[in-house]
Amino acid sequence: MAMATSPVFSSVVLPAKTPTTLRPKLLLPSSLNHKNLHLQSSKRGLFSVAMASPTASIEVETTKKPLKVLPFRVGHGFDLHRLEPGYPLIIGGIDIPHDRGCEAHSDGDVLLHCVVDAILGALGLPDIGQIFPDNDPKWKGCASSVFIKEAVRLMDEAGYEIGNLDATLILQRPKVSPHKENIRANLSALLGADPSVINLKAKTHEKVDSLGENRSIAAHTVVLLMRK
């Protein structure tokens with residue numbers, strides 16, 4: 001025999017005395033009935049957001065504090081793309097001759113993508129997929145240098161510059177060594193940084209998994225930002 005159940009409430013608890021810049025912005029699904037949403041203040045000084053639907057979802061987004069002024073900030077970036085025939089292989093803005101390239105919404109430049117993520121991470125910002133979503137048609141086939149320029153602009157506005165950058169490419173083929181200096185020079189030009197602070201390494205994946213089987217390419221980047 002089925003038993004009657006009472007509505008299930010899910011709650012998000014937030015400080016009631018949150019500063020104005022940190023007050024929550026509630027992002028509600030369009031299907032959510034606002035009559036089922038209740039904002040209450042308890043005696044303990046907490047806001048409680050409750051929904052009378054067990055399946056409804058809610059996202060609470062808070063505006064971050066201004067970026068803390070630090071002499072140095074460190075960020076890490078990672079990216080991976082599948083390699084497929086019929087696409088150009090672009091690494092660090094340089095077209096590398098190969099029988100396949102990165103399948104992606106933009107130009108699939110795995111190195112520039114992870115450099116952007118490293119800078120955004122150091123600045124405490126969302127990742128490249130949130131700022132340049134792959135479901136936005138305006139980024140279709142876009143050169144990744146556009147993303148780098150935006151990351152540099154954000155870095156400059158925050159009062160930072162590149163201290164040094166260390167990147168590692170992971171791919172089985174082709175050999176990167178003949179193109180390494182061109183990639184490094186182009187990357188330093190895009191970042192407005194001296195070539196001496198840009199380091200690039202390349203590794204194979206010892207024929208292990210998709211990277212080692214020449215079905216994908218990946219990159220890691222660590223960046224140090226310095227206060228101007």
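Helix 4 lies across strand 10 and strand 11, and runs at about 140° to strand 11. Helices here are DSSP runs of H or I with at least four residues, strands are runs of E with at least two, and both are numbered from the N terminus. Lying across goes by contact, meaning heavy atoms within 4.5 Å. The angle is taken between N-to-C directions on a scale from 0 to 180 degrees, with axes as lines fitted to C-alpha atoms, for helices over the stretch in contact. The model is a predicted one, in which local features need pLDDT of at least 70, side-chain atom pairs count only at pLDDT 80 or more, and totals for chains, interfaces and linings use all residues. Residues are numbered from 1 along each chain as its sequence is written, and side-chain values use heavy atoms, with hydrogens and water left out.

Now to the sheet itself. It is open and made of 5 strands in the order 9-6-12-10-11, with mixed pairing; two strands pair if DSSP finds at least two bridges between them. Strand 9 (101–102) and strand 11 sit at the edges, each pairing on one side only. Strand 10 pairs with strand 12 (residues 216–227) in the antiparallel sense, over 10 bridges. Within this part of the sheet, A167 stands opposite T221 of strand 12.

T168 is also part of strand 10. With a relative accessibility of 16%, T168 counts as buried, the cut-off being under 20% relative accessible area (exposed is over 50%, partly exposed in between; 1.4 Å probe, protein chains only). Beyond its neighbours within four places in sequence, T168 is in contact with K201, K203, A218, A219 and H220. With K201, there is a side-chain to side-chain polar contact at 3.1 Å. Such a contact is a pair of N or O atoms within 3.5 Å; within protein, one must be able to donate a hydrogen and the other to accept it, and residues adjacent in sequence count only if both atoms are side-chain atoms.

The loops have some backbone oddities of their own. Between strand 10 (160–170) and helix 4 (180–191), the loop includes P174, which is joined to R173 by a cis peptide bond with omega of about -5°. In the loop between strand 11 (198–203) and helix 5 (209–212) sits E206, a non-glycine residue with a positive phi of about 50°. K207 lies in the loop between strand 11 and helix 5 and has a positive phi of about 60°, again without being a glycine. E206 is exposed at 63% relative accessible area, and K207 counts as exposed at 67%.
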